[in-house]
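Hi,

Here's the structure I promised to pass on. Have a look first, and my notes on what turned up follow underneath.

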Amino acid sequence: MYKIVTPIILITTLAACSTPVDRRVANGSDEYTKAQEIPLLTIPEGLNQPRYSKEYQIPEIGSKADSALVGKKLDIRPPLQIIAMAEGTHVEESNDSIKIIIESIDNKTDLKQEIFDVINGYLSQNNIPKLVENFDTGVIETDWIENKEVIDTSWFGDDKVYLLRQRYQFNINVKPHGRTGDVSINLLDHEEYYDEAEQEILLTDIDKQRYSIDMLNNTIAYMGLKRERAIKAARIEQSLGIDIDLVEPGDEQESYWLAQADFKKTWDRLRIVLPELGFDVVDMDSSKGLFYINLEESGGFWSSLWGEEKLSLQKGNYRMLLRTTDDTNQTKILLHDVADEPISNEAIAEVYNRIAAQMKEDRKVR
């Protein structure tokens, strides 16, 4: 009796992908680089030269071109562009470097600290370790950043992995006035391994620029998200109402209103509220905390808004002054006449109810 044995053929499926090095060059053979120029026909004396078509004639290499970059040495990848994706940023390019110029969008925020926080936040989010951080010199150096890519995989055996290891240095520079700064980046170290064997890669300046631009774009995109959230949060904060207290010191001292908010928030809210109350803002100077305002009428308009009660405040020109206090979350509001003399305490008390109601009202976020 014979026993039939059916052989089992194990087929190993190999999914082969191109390596990062392969993706830099054109597919197929580069035998064309060895082509020889065919000389023109030798025409006997006395006969005319034939006409040659120039349709397929290859132009001469320009003076700025690298004649060695042919065949497999030619990088076919499209160039990367640095993109300023964050609010208040733009690109500055020169022959030596590429920088992202960053402008402050919030006077209450230290720009240099913001940039350091953004870079550290991006590195932390992507689990990228640091070797150096020096706030005074504006330098952040990363430790080795490893990116692994499986190139060949099979049912049996180990996967073949392409490993890219790099280190970068961020350079942060902020102008002495603190309103603008810039960030640039350098590729410090670069290593590539395939199946644990180190590859001999000679990086060109274009290669280094591509890697640096990619890292800088990712970092600025992260800043864009952070700034977008900060702007939205600021809008929500500005939309919230502000409580106003009437302060009457007595002893013939000047009465005033005390806003429970910092100078900027109070200033921004008054720019909205004053026209709503019938005051025309003729001019303003935030550095002096001064509004030049004009009251067109103190009767009909105010009566239509707040009832039949009449105001002792007469129509005409006035000055509204904002003054900071020892408490940065409070702002003093004074109202003077055109000669910069305090108006009567009676008028301050009369206007108080009207301005307090408008300042306290929450606004919709746009």
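Let's start in the sheet: D245 sits across from L258, a residue of β11. One thing to keep in mind throughout is that this is a predicted model.

D245 and L258 belong to a bigger pairing, since β10 and β11 (residues 256-259) run antiparallel to each other and share four bridges. Zooming out, the sheet is an open one with six strands, ordered β10-β11-β15-β14-β13-β12, and its pairing is antiparallel. Which strands stand at the edges? Those are β10 (244-247) and β12 (279-285); each has a single partner strand, so one side of each has no neighbour in the sheet. From one strand to the next, the twist averages 25°.

There's a helix on this sheet too. α5 (residues 345-360) packs there and touches β10, β11, β14 (316-324) and β15 (331-337). The direction of α5 makes about 170° with that of β10.

Next, the helix pair. α1 (residues 111-125) packs against α2 at about 110°, and the two axes are 9 Å apart. Roughly perpendicular counts from 65 to 115 degrees, so α1 and α2 fall in that class. The crossing of α1 past α2 is right-handed. On the α1 side the contact is made by L111, E114, I115, V118, I119, G121, Y122 and Q125, and on the α2 side by M215, N218, T219, Y222, M223 and R227. Sorted by class, that contact comes to eight nonpolar, four polar and two charged residues.

T219 is worth a click while you're there. This residue is part of α2, which spans 205-239. Is T219 buried or exposed? Its relative accessible area is 2%, and the cut-off for buried is under 20%, so T219 counts as buried. Setting aside residues up to four places away in sequence, T219 touches V118, I119, Y122 and F170.

Last one: W144, in the loop that links β5 (139-142) and β6 (145-153). With a relative accessible area of 24%, W144 is partly exposed. What does W144 contact, beyond its neighbours within four places in sequence? The list is P129, R165, Q166, R167, D189, H190 and E191. For E191, the C-alpha to C-alpha distance from W144 is 9.7 Å, with their positions 47 residues apart in sequence.

That's my round-up; shout if anything looks odd on your side.

Cheers

Notes
Residues numbered from 1 in each chain as written. Predicted model: local features only at pLDDT ≥ 70, side-chain atom pairs only at ≥ 80, totals over all residues. Heavy atoms only, no water. Helix = DSSP H or I, 4+ residues; strand = E, 2+ residues; numbered from the N terminus. Buried < 20%, exposed > 50% of the residue type's maximum accessible area, 1.4 Å probe, protein only. Contact = heavy atoms within 4.5 Å. Axes fitted to C-alpha atoms, helices over the stretch in contact; angles between N-to-C directions. Parallel < 35°, antiparallel > 145°, perpendicular 65-115°, else oblique. Left-handed = near helix turned anticlockwise from the far one by under 90°. Nonpolar A, V, L, I, M, F, W, Y, C, P; charged D, E, K, R; others polar. Pairing = 2+ DSSP bridges.
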